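Hi,

Here is the structure I promised to pass on to you. Have a look at it first, and then read my notes below with the model open beside them.

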Amino acid sequence: MKPNYFYKIPQKYKNYKIQKIDSGASKRLFYRLSNDSKSVIFVDSSDQKNDYINLIGIYNYLSKINISIPIIYENDDKNCVLIIEDFGNLRFDKIINNYSLKKLLSSAVETLIILRNEFIFDKSKNLLSYNYNTLLSEISEFTDYFYPYTCNKKIPDDLALEFYECWKNNFDLLKFNFNNFVHKDFNLNNLMFLPSRKKHLKCGILDFQSAFWGEDSWDLFSLLEDSRIFFDEQYNDYFINFFYNATNQEISLNDFKNKYYLLNCSRQTRLLGRWVKLSKSLNQDFYLKFIETTKKRLHNGLLKLNNDDLKLIYKKLIPEFF
């Protein structure tokens, strides 16, 4: 008996060899369909209809920009399935030790610069806008999951209140400009190396269905401060300055860095809780192995930010930090 997904595959691909691709925490299913001369990716989003709709919409925007995203060859709106271009197996996080780190990061950062300069803010584009309430819901994963996991108890109400007030006060100090395209998960595991292409086009981008309007530093720290793999940070300052100088910023470099590090710290904070949450909800303990890298990224970000208020609250929450 054929599996259910088989009947959603277009007829001309049914004789292709089918290989399942690991989808991690995603509820979407991915398969490589191949014969002797061609290979494509079959994406089944039947359990994630919103992701399917969002990806199609954002694809229509991104396909007009000179970057590398998988071409959509066929789409079936009824079944929420796609046939897309196969970018191969050279995922950045899998090859980072076999290729020049600086060259990999260069192609990715150059892509971000093009996105920043060419993807113009337009309210008619159906993207959500980041705001403090979004940040609050994200960092709440730390108090809801990570603190109980490490301390074996619920976070005290007064400590939780101090934590949220500290974040609100620091958020309000910076004049954020949430009107730039943000991929959201511009991490090494969503980037593919395409060696036959030139310059920034060597960086293939996957999984952009969760994009939103936000600060343009977001994807930069998602890349340079990847929470799943701790690589050498020797190029971080270079790429921060490179991105800043190439994107005609209207704020000082110091202000840009403050926004970068504050939002990066909020993301790392959220991810500490997310790893615990995923390990429990999916019964997959391997997510817990990302905690140490995430803690390092958060610790380094707090040091770079040099914010005494945040340092004090995190000293209470994670005493070994300081």
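The largest nonpolar core in this predicted model has 90 residues. Trp 167, Tyr 314 and Leu 317 are the ones with the most contacts inside this core. Helix 8, which runs over residues 253–281, gives the most to the core, with 11 residues.

Try zooming in on Trp 167. Leaving aside residues up to four places away in sequence, Trp 167 touches Tyr 132, Leu 135, Ile 139, Leu 262, Cys 265, Ser 266, Thr 269, Leu 310 and Tyr 314. Apart from the largest core lies another one, of 11 residues, and Ile 9, Tyr 13, Tyr 31 and Val 81 are among them.

Next, helix 3. How far apart should the ends of its 18 residues be? At 1.5 Å a residue, helix 3 (residues 101–118) should span 26 Å, and its end C-alpha atoms are indeed 26 Å apart, so the two values agree. The buried residues of helix 3 include Leu 101, Leu 104, Leu 105, Val 109, Leu 112, Ile 113, Ile 114 and Leu 115. Ser 106, Ser 107, Ala 108 and Thr 111 are buried in helix 3 too.

Finally, there is an open sheet of three strands in the order 6-10-7, with mixed pairing. Strand 6 (128–129) and strand 7 (180–182) are the edge strands, and each pairs on one side only. Strand 7 pairs with strand 10 (residues 212–214) in the antiparallel sense, over three bridges. To find your way there, look for Val 182, which stands opposite Phe 212 in strand 10.

Enjoy exploring!

Notes. Residues numbered from 1 in each chain as written. Predicted model: local features only at pLDDT ≥ 70, side-chain atom pairs only at ≥ 80, totals over all residues. Heavy atoms only, no water. Helix = DSSP H or I, 4+ residues; strand = E, 2+ residues; numbered from the N terminus. Expected span 1.5 Å × (residues − 1). Buried < 20%, exposed > 50% of the residue type's maximum accessible area, 1.4 Å probe, protein only. Core = buried A, V, L, I, M, F, W, Y, C linked by side-chain atoms within 4.5 Å. Contact = heavy atoms within 4.5 Å. Pairing = 2+ DSSP bridges.
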